[in-house]
Amino acid sequence: MHVAIPLYPRYTALDVVGPYTVLAFAPGFTVTLVAAEPGPVVDDRGSLAITATASYADLPRPDMIVVPGGPGTAAATSDPALVGWIAAAHEHTRWTTSVCAGSFLLAAAGLLTGRRATSHWGWVDRLADFGAEPVHERVVTDGRIVTAAGVSAGIDMALTLLAQSTDVVTAQTVQLAIEYAPEPPFDTGSPQTAPADLIKPALSLIT
């Protein structure tokens, strides 16, 4: 299974690295980071660069796409090279997926019309503007399109995809290998459980 993760300026690093780690650990999976041109692409903090080892043209038919989100998503939706690659590659994928605001890039490629999809809680409802049906769930599967909620949900999505692409035991083995057993110190991981006065400060960190 060949997985492609596209990089564009101001992506969120965990949107990339979380799914990358899960899938790269899986037997029989190859994960390639792609961009308009091979080379380093800087994240949304401006302090971390991840290197794309291939261009979009080098990998036109991956088996799976994982599109990350981040503050750079809005600008990226107007990038014809990226959006065109997503649309064209989707014709051949087994799975076309996104993390966080990456779902808006799937929408820009015309892939979410009439489909159930999710995104970060701060803007998931805006997916309706693109003809999608917003769903407030952590991982949403609609056919071969799978979308994950905000940032850390990409790890959950990758494990879900791994189980569906191989088997549950393989996904469980990878989960154990990376010791993914979240025990957050605070119950503030969603707007439903966090104090209301944290909402605006939290959104300001990721826009």
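# Briefing: a seven-stranded sheet and its helices

Strand E7 (residues 95-99) runs parallel to strand E11 (residues 145-148), and four bridges join the two. Within this pair, Val99 has Ala148 of E11 as its bridge partner. Helix H5 (residues 153-165) packs on the sheet, where it touches E6, E7, E10 and E11. The direction of H5 makes about 165° with that of E7. The model is predicted.

**The sheet**

- Seven strands form an open sheet with mixed pairing. Their order is E5-E2-E1-E6-E7-E11-E10.
- Strands E5 (54-55) and E10 (139-142) stand at the edges. Each has a single partner strand, so one side of each is left without a neighbour in the sheet.

**Strand E6 and its partners**

- E6 spans residues 64-67, and both of its faces are covered. Met64 and Val66 are buried on one side, Ile65 and Val67 on the other.
- Strand E1 (residues 2-6) pairs with E6 in the parallel sense, over two bridges. Ala4 has Ile65 of E6 as its bridge partner.
- E6 also runs parallel to E7, and four bridges join them. Here Val66 stands opposite Thr97 of E7.

**Helix H3 across the sheet**

- Helix H3 (residues 80-90) lies across five strands: E1, E2 (30-35), E6, E7 and E11.
- H3 runs at about 150° to E6.

**The nonpolar core**

- The largest nonpolar core has 62 residues. Trp85 and Ile86 have the most contacts inside it.
- Helix H5 supplies the largest share of this core, with seven residues.
- Beyond its neighbours within four places in sequence, Ile86 is in contact with Ile65 and Val67. Its other contacts, with the same neighbours left aside, are Leu105, Leu106, Ala109 and Leu111.
- Ile65 and Val67 are the buried pair on one side of E6.

**Helix H1**

- Helix H1 covers residues 13-25, a run of 13 residues. From its first C-alpha to its last it reaches 18 Å, close to the 18 Å expected at 1.5 Å a residue.
- The buried residues of H1 are Ala13, Asp15, Val16, Gly18, Pro19, Val22 and Leu23.
- An α-helix has 3.6 residues a turn, so residues three or four places apart point the same way.

**The annotated domain**

- An unreviewed UniProt entry lists residues 2-163 as "domain: DJ-1/PfpI".
- Over residues 2-163, the chain is 28% helix and 26% strand. The end C-alpha atoms of this stretch are 16 Å apart.

Key. Residues numbered from 1 in each chain as written. Predicted model: local features only at pLDDT ≥ 70, side-chain atom pairs only at ≥ 80, totals over all residues. Heavy atoms only, no water. Expected span 1.5 Å × (residues − 1). Buried < 20%, exposed > 50% of the residue type's maximum accessible area, 1.4 Å probe, protein only. UniProt positions renumbered as here; feature names shortened; annotations may be inferred. Pairing = 2+ DSSP bridges. Contact = heavy atoms within 4.5 Å. Axes fitted to C-alpha atoms, helices over the stretch in contact; angles between N-to-C directions. Core = buried A, V, L, I, M, F, W, Y, C linked by side-chain atoms within 4.5 Å.
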